[in-house]
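User: Hi! Could you walk me through a couple of spots in this structure?
Analyst: Happy to, let's take a look together.

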Amino acid sequence: MTFLSKTLSRVKPSPTIAISTQAAELRAAGRDIIGLSAGEPDFDTPAHIRAAGIRAIEAGHTRYTAVDGIPELKEAICAKFARDNGLSYTPRQVSVGTGGKQVLYNALMATLNPGDEVIIPAPYWVSYPDMVALAGGTPVIVEATLETGFKLTAEALEAAITPRTKWLLFNSPSNPTGAGYGHSELRALTDVLLRHPHVHVMTDDMYEHIAYSGFHFCTPAQVEPGLYDRTLTVNGVSKAYAMTGWRIGYAAGPEALIGAMRKIQSQSTSNPCSISQYAALEALSGPQDVIAEGVAIFQRRRDLVVDALNAIPGIACPRPEGAFYVYPSIHGLIGRKTPQGRVIDSDEAFASALLEDTGVAVVFGAAFGLSPHFRISYAAADDALQQACTRIAAFCASLS
Ligand SMILES: Cc1ncc(COP(=O)(O)O)c(C=O)c1O
């Protein structure tokens with residue numbers, strides 16, 4: 001009898017966390033490392049939100065709460081969906097968890113049976129396929145390449161749907177590409193979904209607010225009200241309000257599904273941190289101008305990085321609509337050699353040689369299901385980004 005469960009063999013550790021750890025170890029060993037692998041804003045949580053957390057402690061909000069969120073926060077989430085997305089939900093349709101990650105996981109655990117398929121467009125957020133596998137389902141990966149702006153087409157979605165399809169797991173703006181679906185692009189997908197009433201939509205809107213000029217965010221249940229009853233709209237405060245460590249995510253959807261998710265959460269973590277819930281309440285209902293301030297900074301950095309990368313022969317980098325990632329292609333560098341004789345035969349080899357030779361930590365594309373690419377998170381200081389691009393350019397120029 002083996003000690004570890006069979007379930008564990010279906011899951012691999014998060015490659016993004018592994019690279020961040022490797023970079024931290026090199027830094028601890030005295031190397032000059034520029035880490036561009038972590039997916040979190042480099043700003044502090046805004047002062048009024050931090051103050052709400054402190055007030056919550058002082059007011060004694062330090063005990064267990066209702067499993068899937070305090071009523072005030074659920075009301076604020078309903079108000080947010082009405083204000084930002086034109087979606088009408090009641091608190092009974094809302095679930096609050098320990099980060100968007102737990103909310104997504106709860107939903108998959110609550111709905112998947114062996115053999116159930118979940119369509120995941122690639123490149124995808126690293127956790128999706130593993131979460132699906134952990135919940136006993138089968139990830140069905142559908143590639144969305146550079147040619148379609150990393151966006152799933154209606155034809156590809158249609159072709160991937162089978163009688164076993166339970167969910168489309170959708171993410172816009174996307175981690176890792178930053179690609180954001182405009183209204184007509186999303187409409188093309190929702191039209192397909194309307195024809196397949198057994199397919200549900202789990203939309204991960206975590207980067208909703210990190211959207212750049214010219215792009216207007218929209219979400220499936222808003223674009224096609226006919227999908228409202230089979231859509232779980234997932235969001236959170238981590239990225240928009242620089243609150244990654246507070247661990248609050250939320251979702252709204254059909255009451256029966258929300259109840260099933262509550263049941264899972266009640267037997268795993270119970271309520272998300274009481275203090276964080278009060279901070280999230282302030283984030284969602286307090287002043288919203290902090291979002292625009294962050295977005296202006298990110299947009300400047302996006303342009304800095306995209307322009308610098310596109311100036312490097314062998315690299316092609318689309319300009320994303322949102323999030324804080326770029327996902328350049330290194331197609332033009334595959335097969336080349338480093339001065340030490342290492343062959344760049346994959347994006348993994350590229351990222352590894354780049355880290356060793358220049359100290360720049362990026363994540364290789366294979367981790368996100370589409371190669372040969374790499375992901376840069378530009379949630380980093382301008383001078384670090386500039387320095388990193390200079391080092392990447394020198395590294396690429398050194399390849400023969
Ligand atoms: C696409 C996407 N969804 C969900 C999450 C989870 O966010 P959190 O659990 O911090 O709310 C992340 C975090 O990196 C993400 O990139």
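Below we chat about a pair of helices and then a sheet, keeping in mind that the model is predicted.

User: Let's start with helix 4 and helix 5. At what angle do their axes cross?
Analyst: The axes cross at roughly 35° and come within 9 Å. Helix 4 covers residues 99-111, and helix 5 covers residues 127-134.

User: Is that crossing left-handed or right-handed?
Analyst: The crossing of these two helices is right-handed.

User: Which residues meet there?
Analyst: From helix 4 you have Lys 101, Leu 104, Tyr 105, Leu 108 and Met 109. They meet Ser 127, Tyr 128, Met 131, Val 132 and Leu 134 of helix 5. Eight of the contact residues are nonpolar, one is polar and one is charged.

User: Which residues of helix 4 are buried?
Analyst: The buried ones include Leu 104 and Leu 108, along with Gly 99, Gly 100 and Val 103.

User: And how far apart are the end C-alpha atoms of helix 4?
Analyst: They are 19 Å apart. That agrees with the expected span of 18 Å, based on 13 residues at 1.5 Å a residue.

User: New topic: the sheet with strand 9. What is the strand order?
Analyst: The order is 9-12-11, in an open sheet of three strands with antiparallel pairing.

User: Why is one side of strand 9 left without a neighbour?
Analyst: Strand 9 (325-326) stands at an edge with a single partner strand, so one side has no neighbour in the sheet. The same goes for strand 11 (363-364).

User: How many bridges link strand 9 and strand 12?
Analyst: Two bridges, in the antiparallel sense. One residue to find is Val 326, whose bridge partner in strand 12 is Ile 376.

Definitions and conventions:
Residues are numbered from 1 along each chain as its sequence is written. This is a predicted model: local features need pLDDT of at least 70, side-chain atom pairs count only at pLDDT 80 or more; totals for chains, interfaces and linings use all residues. Side-chain values use heavy atoms; hydrogens and water are left out. Axes are lines fitted to C-alpha atoms, for helices over the stretch in contact, and angles run from 0 to 180 degrees between N-to-C directions. Helices (H or I, at least four residues) and strands (E, at least two) are DSSP runs, numbered from the N terminus. A crossing is left-handed if the near helix is turned anticlockwise from the far one by less than a right angle, and right-handed if clockwise. Contact means heavy atoms within 4.5 Å. Ala, Val, Leu, Ile, Met, Phe, Trp, Tyr, Cys and Pro count as nonpolar, Asp, Glu, Lys and Arg as charged, and the others, Gly among them, as polar. The expected span of a helix is 1.5 Å times one less than its number of residues. Buried means under 20% relative accessible area, exposed over 50%, partly exposed in between (1.4 Å probe, protein chains only). Two strands pair if DSSP finds at least two bridges between them.
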